[in-house]
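Here is a short briefing to read alongside the coordinates. Keep the viewer open and follow along from one topic to the next.

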Amino acid sequence: MARLALIAAAVVLAFLAAAPVTEVAAKRWIVGDNKFWNPNINYTIWAQDKHFYLDDWLYFVYERNQYNVIEVNETNYISCNADNPIANWSRGSGRDVVHLNVTRHYYLISGSGGGCYGGMKLDVLVEKPPPPPIAAPIKNSARRAFSNFGFAHRFVIPVAVFTVIGTMWDAVLRFC
Ligand SMILES: *[C@@H]1O[C@H](CO)[C@@H](O)[C@H](O)[C@H]1NC(C)=O
Ligand SMILES: *[C@@H]1O[C@H](CO)[C@@H](O)[C@H](O)[C@H]1NC(C)=O
Ligand SMILES: *[C@@H]1O[C@H](CO)[C@@H](O)[C@H](O)[C@H]1NC(C)=O
Ligand SMILES: *[C@@H]1O[C@H](CO)[C@@H](O)[C@H](O)[C@H]1NC(C)=O
């Protein structure tokens, strides 16, 4: 009986270890990398060698008293007009998360602080994720039984990581 439990545990561990390889993980993009969301950065260049897939996340870090994150349509993106927003992604802390949950263009600008005119404008085209690599044959019932792990891996873990990283940045920025 004990041996059976051990084997079961080994099978579960093997599955958990293999899962991140066979699933396409949602990615969290720090907009501007270590320069974050600031003027005088060309976000067209930042985005041009990247693929943004459905369910990825954009993470904006910026000076909350100066800038914001406003979603507009293409016309208003080109002209830096934030007067007719599609969405206001700013939550007031200078740490905003945009969940890319639709395959389309997202036109994001800073509507304040003259940020958009200074280059704070980002056009992201969200694509369907590529098919996952061919997984080792796992019986459908086993896959279903473990599908909750997929949820934790794609949603709960990224959210937990944002929270931790956001808190860490707040601590770091307070000392700068
Ligand atoms: C940003 O880079 C793109 C691609 O090289 C270029 O077309 C665009 O004019 C640049 N934008 C600014 C504001 O310099
Ligand atoms: C964007 O919205 C403006 C109104 O704010 C409208 O005049 C314009 O045609 C729209 N552009 C697109 C591409 O939908
Ligand atoms: C966006 O929403 C935030 C938080 O609710 C609010 O403080 C801010 O004024 C809004 N910005 C705009 C431009 O509507
Ligand atoms: C995508 O997210 C937005 C904002 O959170 C929400 O209003 C919308 O219903 C979502 N759309 C889909 C297809 O999940």
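R104 is partly exposed in this predicted model, with a relative accessible area of 31%. Its side chain meets that of E71 in a salt bridge, at 2.8 Å from N to O. The pair links distant parts of the chain, as the two residues are 33 residues apart.

**The R104–E71 salt bridge**

- R104 sits in the loop between β6 (95–99) and β7 (105–109), whereas E71 belongs to strand β4 (residues 70–72).
- E71 is buried, with a relative accessible area of 2%.
- R104 falls in the partly exposed class because its 31% lies between the cut-offs of 20% and 50%.
- As background, side chains of opposite charge can pair when their charged atoms come close.

**The K50–D49 salt bridge**

- How many salt bridges does a search of the whole structure find? There are two, and the other one joins the side chains of K50 and D49, at 3.5 Å from N to O.
- Is K50 buried or exposed? K50 is buried, with a relative accessible area of 18%; buried means under 20%, so this value meets the cut-off.
- D49, its partner, is exposed, with a relative accessible area of 62%.

**The five-stranded sheet**

- Strand β4, which holds E71, is part of an open sheet of five strands in the order β2-β8-β7-β4-β5, with mixed pairing.
- The edges of this sheet are β2 (52–53) and β5 (87–88); each has a single partner strand, so one side of each is left without a neighbour in the sheet.
- Strands β4 and β7 run antiparallel and are joined by three bridges.
- Which residue stands opposite I70? That residue is I109, in β7.

**The three-stranded sheet**

- A second group of strands forms an open sheet of three, ordered β1-β3-β6, again with mixed pairing.
- Its edge strands are β1 (28–30) and β6, and each pairs on one side only.
- On average, neighbouring strands of this sheet are turned by 20° against each other, with direction ignored.
- Strand β3 (residues 57–61) runs antiparallel to β6, and five bridges join the two.
- W57 stands opposite H99, which lies in β6.

**Where the topics meet**

- The loop that carries R104 runs between β6 and β7; β6 belongs to the sheet of three strands, while β7 belongs to the sheet of five.
- E71, the salt-bridge partner of R104, lies in β4, and β4 is joined to β7 by three bridges.

How values were computed. Residues are numbered from 1 along each chain as its sequence is written. Chains are lettered from A and ligands numbered from 1 in the order in which they are written. This is a predicted model: local features need pLDDT of at least 70, side-chain atom pairs count only at pLDDT 80 or more; totals for chains, interfaces and linings use all residues. Side-chain values use heavy atoms; hydrogens and water are left out. A salt bridge is a side-chain nitrogen of Lys or Arg within 4 Å of a carboxyl oxygen of Asp or Glu. Buried means under 20% relative accessible area, exposed over 50%, partly exposed in between (1.4 Å probe, protein chains only). Helices (H or I, at least four residues) and strands (E, at least two) are DSSP runs, numbered from the N terminus. Two strands pair if DSSP finds at least two bridges between them. Axes are lines fitted to C-alpha atoms, for helices over the stretch in contact, and angles run from 0 to 180 degrees between N-to-C directions.
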